[in-house]
Amino acid sequence: MNRLNVAGALFFIAGTLILLGIVTAEATYPGYSVSQNYISDLGGVRNGTIVQPAAAVLDTTLVVGGLLIIGGGYAIHRALDKRVFPSALPLLIALAGIGSVGVGIFNETFGVVHWLLSGLTFIAGGFAAIAAYSQQKTPFHYFSVILGIIALVFAIGPNIAPAVAFLGVGCAERWVVYPLVLWLIGFGGYMMGTSPSTMSSQ
């Protein structure tokens, strides 16, 4: 396996882990609403108590998934032979991974810190999906850009009244998270079949 294959495997595992972690946390959180609750509510405090095992499942998967994403970003960085300053794609991927780790450690009870880290994950992840366009072939690079744009639109405008009124705040947030997770899984699968000669240093 070359470094790109390793990166792909790490992304695939991270995306799958985060997706299943969210679903599992939802299932173990009594009274949870996908429409009206944020994903971060799964790891937060309700009535003065952290709801377990939902919080442990979510926080652990976000931290482990984030570390895998950072590792994958570093593998791409080395595959592009950028030993000092990373190019845009691995840098954005690494920032998204750092944000995920931070969100898992600093749950929503940390207030501004938590929401800033969430924003870092969403924005960096959305731009990473778009930046990956030049590293992918048709038709996947189109899907990559579309998923990145969807995530950014909902991340930058989470309080757009029509979307929130129709979907609820929780579902509107999932229109940020799930496109990024789906891209991560798809990009991971794509990278596992990629050789260094097909990647540019952009």
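Modeller: Let me start with a definition: Ala, Val, Leu, Ile, Met, Phe, Trp, Tyr, Cys and Pro count as nonpolar, Asp, Glu, Lys and Arg as charged, and the others, Gly among them, as polar. One caution as well: this is a predicted model.

Biologist: Then what makes up the lining of the second largest cavity, by class?

Modeller: It has 3 nonpolar, 4 polar and 1 charged residues. The lining consists of Ser 40, Gly 43, Leu 58, Asp 59, Leu 62, Val 103, Asn 107 and His 114. Asp belongs to the charged class, so Asp 59 is the charged residue here. Gly is counted as polar, which is why Gly 43 goes into that class.

Biologist: Which helix gives the most to that lining?

Modeller: Helix 2 does, with 3 residues.

Biologist: How do you know how many cavities of 30 Å³ or more there are?

Modeller: A search of the whole structure finds 2. A cavity is a set of points where a 1.4 Å probe fits but cannot get out. The largest has a volume of about 370 Å³, and the second largest about 30 Å³.

Biologist: What lines the largest cavity?

Modeller: Its lining has 23 residues, with Ile 18, Ser 100, Thr 121, Phe 122 and Val 177 lying nearest its centre. Helix 1, helix 2, helix 3 (88–105), helix 4 and helix 7 (169–192) each give two or more residues to this lining. By class, the lining divides into 16 nonpolar, 6 polar and 1 charged. Phe is on the nonpolar list, so Phe 122 falls in that class.

Biologist: Why is Gly 21 called buried?

Modeller: Its relative accessibility is 5%, and buried means under 20%. The value falls below the cut-off, so Gly 21 counts as buried. Gly 21 sits in helix 1 (residues 3–27).

Biologist: What does Gly 21 touch, leaving out residues up to four places away in sequence?

Modeller: Val 57 and Thr 61. A contact needs heavy atoms within 4.5 Å, so each of these two has an atom that close to Gly 21. The C-alpha atoms of Gly 21 and Gly 65 are separated by 9.7 Å, with their positions 44 residues apart along the chain.

Biologist: What joins Gln 52 and Pro 53?

Modeller: A cis peptide bond, with omega about 5°. Pro 53 lies in the loop between strand 2 (49–50) and helix 2 (54–79). Thr 138 and Pro 139 are also joined by a cis peptide bond, with omega about 0°.

Key. Residues are numbered from 1 along each chain as its sequence is written. This is a predicted model: local features need pLDDT of at least 70, side-chain atom pairs count only at pLDDT 80 or more; totals for chains, interfaces and linings use all residues. Side-chain values use heavy atoms; hydrogens and water are left out. Helices (H or I, at least four residues) and strands (E, at least two) are DSSP runs, numbered from the N terminus. Buried means under 20% relative accessible area, exposed over 50%, partly exposed in between (1.4 Å probe, protein chains only). On a 1 Å grid over the protein atoms alone, a cavity is a set of points where a 1.4 Å probe fits but cannot get out, and a pocket is an open set with protein on both sides within 12 Å along at least five of seven lines; lining residues have an atom within 4 Å of a point. Grid points are joined across faces, edges and corners, and a volume is the space filled by probe spheres set on the points.
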